[in-house]
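Let's take a walk through this protein together, with the model open beside you. We will look at one helix and then at some charged pairs.

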Amino acid sequence: MKNFTSPKGIFSLRIPVEWQYINVAAGMKEESPYSFQHYQESKSAFQVSCYPKPAKWDNKIPDQKANTDHLRFEQTRMDDEEFHVHLWFANVEDHYFIVKFIYDAHRAQSLEVAAELTQVTLALSTLQFLTGSTRTAAMELDVYEKFIASLAASFDLRNRAFEKMALIELVIILANQIDAYLRMAIVLHKQLADQTERIEVCLLRQEKGDQPVFEKQIYSMAADLEIISDELRDSLFSLYSERNKVVHRYIISDFKTRDLIQIVYDYDQICEKVRLRLKYFEDLQLAQKVGIYAHKNPGGMPDALAMDILFAQVNDKHLDKELFRKISPKKTGRNEKRSSKN
């Protein structure tokens, strides 16, 4: 299963790896109900809603503590000739949950629905209302996982651009990857310096209204922290200027198309140098048991479940059927059963 953290970290749960978060995919608002469906089929829907309790609250369901899973739910049904709906209700401190599982009525007796209900029950057992430091940690982890997924997705675009020899696209993607490697290296460096697992998410995510941290600032920060050499920083500044000619002044300058080949080559060489600097800090964290890689080997071979989770996260980044990565839920289920015994 994979993590889902609601916007602002109000709640979290784990959902089957083959379920897609629909609110973003369908262009809906990220608010209750938060909806999930199978990536390739939409015969059923799973929805989680979380609301503050109103001033006058006469609900008789007992209150439960935040930051705990395995909540106790009141259950009921709301079926008609077209759809069957399972409902679950729970109160947690000053909020309440309404959870729905909806499927076509004619599928009610199918083995498929029975299997889906098992998945729903497992997902419900992981649902937590988050507060305080637990909420902060969940939000930081969510930003980190989306950053890693976005970086992984960029390689799909990079490979496609290389196959088509789309040189301008390659320049832009390679510049993005260098920026991402450096941002991650700065985060890891600060975790090592502060001996913490806290993640400085302002470097990994930029939302509307956030104060931006620009690429040139990242180059300078990385050099100041001795993550990269001054010489490498100067090379990045130089390439940044060349890229700006490509992006902003291709038509109005004397820039020649054939120059793109050399720029792509230079970017590719520097990208690998920066990646190796990131790897140094990943390995250092593993050796010192500090930060994101305190308990996992960054160079280890991921198992089938980890790959399926990454593929699902990459699919969520692309939202493009042409770039869809196939997920193997049956294989995932076996891996989860095996890992739960370890």
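**Charged pairs and a long helix span**

Lys-43 has a relative accessible area of 40%, so this lysine counts as partly exposed. Keep in mind as you look around that the model is predicted. The side chain of Lys-43 meets that of Glu-112 in a salt bridge, with 4.0 Å from N to O. Glu-112 sits in helix 2 (residues 111–125), while Lys-43 belongs to the loop between strand 4 (34–38) and strand 5 (44–52), so their pairing ties together parts that are 69 residues apart in sequence. Glu-112 is partly exposed too, because its relative accessibility is 33%. The pair also has company: Lys-43, Arg-107, Glu-112 and Glu-116 are linked in a network of salt bridges.

How many salt bridges does a search of the whole structure find? There are 19. As a reminder of the chemistry, side chains of opposite charge can pair when their charged atoms come close.

Next, find Asp-156 and Arg-325, whose side chains meet in a salt bridge at 2.6 Å, N to O. Asp-156 lies in helix 3 and Arg-325 in the loop between helix 8 (304–318) and helix 9 (329–341), so this bridge ties together parts that are 169 residues apart in sequence. Is each partner buried or exposed? Asp-156 counts as buried, because its relative accessibility is 11%, under the 20% cut-off. Arg-325, at 29%, is partly exposed.

Now turn to helix 7, which runs over residues 259–288. Its 30 residues reach 44 Å from the first C-alpha to the last, close to the 44 Å expected at 1.5 Å a residue. Which of its residues are buried? Among them are Leu-260, Ile-263, Val-264, Tyr-267, Ile-270 and Cys-271, and the list goes on to include Val-274, Leu-278 and Phe-281. Charged or polar residues appear there as well, including Glu-282 and Gln-285. The cover over the buried residues of helix 7 includes helix 3 (132–164), helix 4 (167–194) and helix 6 (230–248).

Helix 7 also holds a salt bridge of its own, between Lys-279 and Asp-283, with the closest N and O atoms 2.7 Å apart. The two are four residues apart in the helix, which means that about one helical turn separates them. Lys-279 is partly exposed at 38% relative accessibility, and Asp-283 is partly exposed with a relative accessible area of 32%. Just after helix 7 comes Lys-289, whose phi is positive, near 55 degrees.

Note on methods: Residues are numbered from 1 along each chain as its sequence is written. This is a predicted model: local features need pLDDT of at least 70, side-chain atom pairs count only at pLDDT 80 or more; totals for chains, interfaces and linings use all residues. Side-chain values use heavy atoms; hydrogens and water are left out. The expected span of a helix is 1.5 Å times one less than its number of residues. Buried means under 20% relative accessible area, exposed over 50%, partly exposed in between (1.4 Å probe, protein chains only). Contact means heavy atoms within 4.5 Å.
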